[in-house]
Amino acid sequence: MPSVRGHAVTDLMSRRGHEQVVFVADADAGLRAVIAIHSTALGPSLGGVRFRDYATDADALDDVLRLSEAMSLKAAISGLHQGGGKAVVRWDDPDRPRPQVLLDALGRAIDDLGGRYLAAEDVGATTADMNGLARVTPWVTGVDEVHGGSGDPSPVTAYGVMCAMRATMAELDGEPTLRDRHVVVQGVGHVGAHLTRLLVEEGARVTVSDVFATRAAALVPALGVDVVAPDLAFTTQCDILSPCALGGVLDDVAVARLRCRAVVGAANNQLASPGADARLAERGILYAPDFVVNAGGIINIAEEFVGYDRARALEHTAGIETTAAAVYRAAREQQVTPARAAEVLARRRIEVEGADRRWQPGDAAAWTNGAPLTRLRPEI
Ligand code: NAD
């Protein structure tokens with residue numbers, strides 16, 4: 001049995017409840033990858049393909065096990081009929097385009113799983129990668145819109161973040177309104193810029209910050225927002241801080257300096273350590289778990305397989321307000337942090353609704369509630 005840092009791979013899988021891990025190598029194609037299926041109890045596993053310069057197979061395996069489990073929780077808390085999966089590819093430079101021969105080899109490995117794993121874009125992956133995979137397998141999302149894909153998910157993700165903010169204001173002040181509230185958005189890239197626009201439309205006062213000063217400044221003339229330097233974003237007094245840049249931003253030092261009433265942002269894995277949510281609670285800062293807040297991205301993708309419709313994707317994404325409210329309520333009732341409450345709710349749904357179920361290729365009709373799968377074998 002292969003082992004990683006002294007642990008049998010199957011022990012690492014069992015600890016987190018993974019169903020299947022597939023190691024893929026194709027020397028001629030230059031492919032070295034690991035695909036992890038954490039759970040298919042609620043439906044086929046979905047998750048991004050990450051191209052990264054992993055130093056060792058152990059690093060790649062650690063990442064794929066952690067990320068695929070997180071995808072299961074995100075899909076479950078969002079009410080999706082999907083599980084969690086992930087693929088990581090050892091690739092020296094994420095900016096170096098992937099040759100088709102490599103995408104063919106990875107696509108074949110994904111195809112062999114018969115739909116138990118659905119590939120999606122991740123940080124570093126591109127629509128071109130997804131188009132490339134789709135030449136060999138139908139089990140891929142995020143392809144170009146002309147091929148039935150859903151296009152840029154960022155506006156939908158941003159809308160979901162705003163819905164979570166409404167629930168947050170209801171929890172804090174009893175009213176789900178952002179009017180006259182002050183929101184600081186850290187990072188105005190794809191999601192942050194859309195979010196800023198939505199917040200201004202809602203009547204919020206918005207302060208933005210970006211390491212690319214021109215990105216922040218570009219929003220000033222049209223939207224009348226304020227700008228702060230990146231090192232001041234976390235210490236600016238506001239109602240809501242919205243991390244929309246990088247993960248791992250909430251460590252003990254950062255939490256001690258915050259001057260906000262709540263944190264509600266799109267960035268993945270914002271909590272830098274397992275105890276960071278407790279530190280936030282001790283300071284009386286309400287933390288909206290990132291995997292609840294930023295689920296608009298996968299809710300959007302889930303629409304692809306039944307015929308993509310952006311209006312319906314937005315309608316489903318609006319449910320994030322209800323989900324966030326349920327998480328806050330559970331946290332209050334159980335006297336735990338919202339992050340803990342969200343994880344418990346997600347795991348309970350997997351246990352109750354998905355008890356003893358494993359998705360099989362023949363389950364497609366049941367998974368879409370009878371609607372036909374429209375994205376089978378696109379002609380790309
Ligand atoms: P992006 O790269 O387009 O934007 C990130 C922005 O943050 C950039 O403008 C960058 O210059 C800025 N930035 C980086 N470090 C900063 C710092 N220290 N201070 C201020 N600004 C900083 O990325 P995105 O697609 O907008 O995604 C933002 C976050 O949301 C990421 O963590 C991503 O994983 C997560 N997310 C995105 C989506 C989506 O639909 N795009 C879905 C789910 C989660």
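Visitor: Why are helix 2 and helix 15 called roughly perpendicular to each other?

Guide: Helix 2 (residues 57–77) and helix 15 (residues 338–353) pack at an angle of about 85°, with axes 8 Å apart. Angles of 65 to 115 degrees count as roughly perpendicular, so these two helices are roughly perpendicular to each other. This is a predicted model, where local features need pLDDT of at least 70, side-chain atom pairs count only at pLDDT 80 or more, and totals for chains, interfaces and linings use all residues. Residues are numbered from 1 along each chain as its sequence is written, and side-chain values use heavy atoms, with hydrogens and water left out.

Visitor: Which residues of helix 2 meet helix 15?

Guide: E69, S72, L73, A75, A76 and I77 do, and their partners in helix 15 include A342, E343 and R347. Contact here means heavy atoms within 4.5 Å. By class, the residues of this contact are 8 nonpolar, 1 polar and 4 charged.

Visitor: What makes R215 a polar contact of the ligand?

Guide: A polar contact is a pair of N or O atoms within 3.5 Å. An N or O atom in the R215 side chain is 2.6 Å from a ligand oxygen atom, so the pair fits that definition. The N268 side chain has an N or O atom 3.1 Å from an oxygen atom of the ligand, and for V191 a backbone N or O atom lies 2.8 Å from one.

Notes
A polar contact is a pair of N or O atoms within 3.5 Å; within protein, one must be able to donate a hydrogen and the other to accept it, and residues adjacent in sequence count only if both atoms are side-chain atoms. Axes are lines fitted to C-alpha atoms, for helices over the stretch in contact, and angles run from 0 to 180 degrees between N-to-C directions. Helices (H or I, at least four residues) and strands (E, at least two) are DSSP runs, numbered from the N terminus. Angles under 35 degrees count as roughly parallel, over 145 as roughly antiparallel, 65 to 115 as roughly perpendicular and the rest as oblique. Ala, Val, Leu, Ile, Met, Phe, Trp, Tyr, Cys and Pro count as nonpolar, Asp, Glu, Lys and Arg as charged, and the others, Gly among them, as polar.
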